[in-house]
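Let's take a guided walk through this structure together, moving from one contact-rich residue out to the whole chain. Keep the 3D view open as you read.

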Amino acid sequence: MRAKALAPVLLLSLPLATACGAASGADGGSRTVTVTVGYQSKTINTVTAGTLLRSLGYFEQELAARGKKDGVTYKVDWQDYATGAPITAQMTAGKIDIGSMGDFPLLINAARGKELKQPTRLVSVTGYNLRGGLNTVVTATGSKLGSLADLKGKKVSTSVGSAADGTLVRALQRAGIDPEKGIEKLNQQPSVGASALQAGSVDALSQFVAWPGQLAFEGRATALYDGAELNLPTFHGVTVREKFAAERPAVLDDFLRAQRKATAYLRTQPVVAAEAVAKETGLPAEVVYLYNGANGIATFDPALRPELLAALKEDVPVLKAAKLVDSVDVDAFVDPAPLARAAVGSGAGAEFPAAAPARPELWLKEGNRTQSFDTPAALLKALAAAGPGGVRAAYVPDAVTGTPWFADKAVWVAEGPELRAFVTPSGAKAYADQHAGSGARIVSFAEASATASASAGALAS
């Protein structure tokens, strides 16, 4: 079946924006320069170049210091969008200077910029997941669909050209389903797709952070496919108009320096940062922390890591097959020089630690603090001890992919006294089937909690 474009993401009606990087008062008086930044407030693994950065005011501080030297008043115009497509449209119109978006939209950004004589460059990364866990396919709670193979012939909502669409295409191919003819794909904005899922007008929703986690947290969806099963890196990054970067390189450096500071802030104060992003976006803080927390799905680091750029090159054929781009020269698109300049004397350290395996984590109401554990059983024991009134959220990594998920929304497998959690029912079933000889079986969250308590009691006696 052909894709049904109900709300085309790539052809949005866009508001007019003020001219970017433009200076007024050029008659010899004080000049004002406006820098326009496009961001996605609810795509929360871009917060170090968007929502969190804006709330902290770091970019404005950098520009204020520069303005005192230059005799210029700098202003920042923050423009919020739901996806990367409208940001690209505004950048190619010369109306946004700096933008942040996912890996697939970044490639479209590069292609459109070249086509429309407004070339752009990738200058930094915001958040990444080396296995692809930032994208998830979900179904409505109570759906009878149990695996990706069950999507054949079904209606699936996604945002065409997005990272989530890329995950859907690759996952369907691995499941032996033609991404174009095997399903009825509806091209929808994330919020529209979420509503369609609730209304029953689509069977599944493939979306990027933070939509799957939010719907699961609210009890409105169940994970069907964990993007980390692809074991392919996914990330979001910062792109800049080449003309703006050439005309105002110091301002771009200021932005990247501010992004580094916001990254350091998020990594050292993840709970406070999650609360700040929740306040700005209206998202539940517990959902923000699922992705951006100390053991969150996303790892924040501005570095243009080789494995991320290699994955970006592997994304090009997917977009070409979908006729969304002709070709993209990734090496020409990437410009590491501005980030290297911004790192000098930034005070945030030359490098951020690489991603570490996620650990079970409990967010306690008392003291608004979190606590990590070595095993899922230890987490469940602590969760029981704290009581429902003492906990904000409990997170546990998938036993195979490592993707953190809400402990009470995960699918649990008991194997003797050992407990393992999985994001999806199919993941849990695959493990249980492979380890049936050792007694592995799928159990409810309540059964898993009882097993953890019983095991702890046996050890204590």
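A good place to start is Phe 255: leaving aside neighbours within four places in sequence, this residue is in contact with Val 37, Ala 49, Leu 53, Phe 59, Ile 98 and Val 238. Please keep in mind that you are looking at a predicted model. Phe 255 belongs to the largest nonpolar core, a set of 59 residues, and is listed there with Ile 44, Phe 59, Ile 98 and Tyr 291 as having the most contacts inside it. Helix H9 (residues 249–268) supplies the largest share of this core, with eight residues. Apart from that core lies another one, of 31 residues, which includes Leu 107, Val 316, Leu 324 and Phe 333. As a general backdrop, nonpolar side chains in soluble globular proteins tend to be buried together.

Next, find helix H3. Seven of the eight residues of H3 (residues 85–92) are buried, so this helix is largely enclosed by the rest of the structure. The buried ones are Ala 85, Pro 86, Ile 87, Thr 88, Gln 90, Met 91 and Thr 92. What covers them? The cover includes the strands E2 (31–39), E3 (72–80), E4 (98–102), E5 (120–129) and E11 (234–241), together with helix H4 (103–115). Just after H3, the backbone has a detail to look for: Gly 94 takes a positive phi of about 75°.

Strand E6 (residues 135–140) tells a similar story. Five of its six residues are buried, so E6 is largely enclosed by the rest of the structure. E6 pairs in the antiparallel sense with strand E9 (residues 204–208) over four bridges, and Thr 136 has Gln 207 in E9 as its bridge partner. E6 is also joined to strand E10 (residues 221–226), again antiparallel, by five bridges; here Thr 139 stands opposite Thr 222.

Now move towards the later part of the chain, to an open sheet of three strands with the order E18-E17-E19 and antiparallel pairing. E18 and E19 (441–443) stand at the edges with a single partner strand each, so one side of each is left without a neighbour in the sheet. Neighbouring strands here are turned by 35° against each other on average, direction ignored. Between E17 (residues 411–415) and E18 there are five bridges, and one bridge pair is Trp 412 with Ala 421 in E18. Helix H16 (residues 425–434) lies across E17, E18 and E19, running at about 15° to E17.

Within this sheet, is Phe 422 buried or exposed? Phe 422 sits in strand E18 (residues 418–422), and its relative accessibility of 1% means that it counts as buried. Beyond residues up to four places away in sequence, Phe 422 touches Asp 398, Ala 399, Val 400, Ala 410, Val 411, Val 413, Gly 427, Ala 428 and Tyr 431. The C-alpha atoms of Phe 422 and Val 411 are separated by 5.0 Å, although these residues are eleven places apart along the chain.

Finally, zoom out. The chain has 17 helices and 19 strands, and buried residues make up 57% of its 461 residues. A compact globule with 461 residues would have a radius of gyration near 23 Å, and the chain's 23 Å agrees. Among contacts between residues at least 6 apart in sequence, 76% join residues at least 24 apart. The chain exposes about 18,200 Å², of which carbon and sulfur atoms supply 53%.

Note on methods:
Residues numbered from 1 in each chain as written. Predicted model: local features only at pLDDT ≥ 70, side-chain atom pairs only at ≥ 80, totals over all residues. Heavy atoms only, no water. Buried < 20%, exposed > 50% of the residue type's maximum accessible area, 1.4 Å probe, protein only. Helix = DSSP H or I, 4+ residues; strand = E, 2+ residues; numbered from the N terminus. Contact = heavy atoms within 4.5 Å. Pairing = 2+ DSSP bridges. Core = buried A, V, L, I, M, F, W, Y, C linked by side-chain atoms within 4.5 Å. Axes fitted to C-alpha atoms, helices over the stretch in contact; angles between N-to-C directions. Rg over C-alpha atoms; globule rule 2.2 N^0.38 Å. Areas by Shrake-Rupley, 256 points an atom, 1.4 Å probe, with all protein chains shown as cover.
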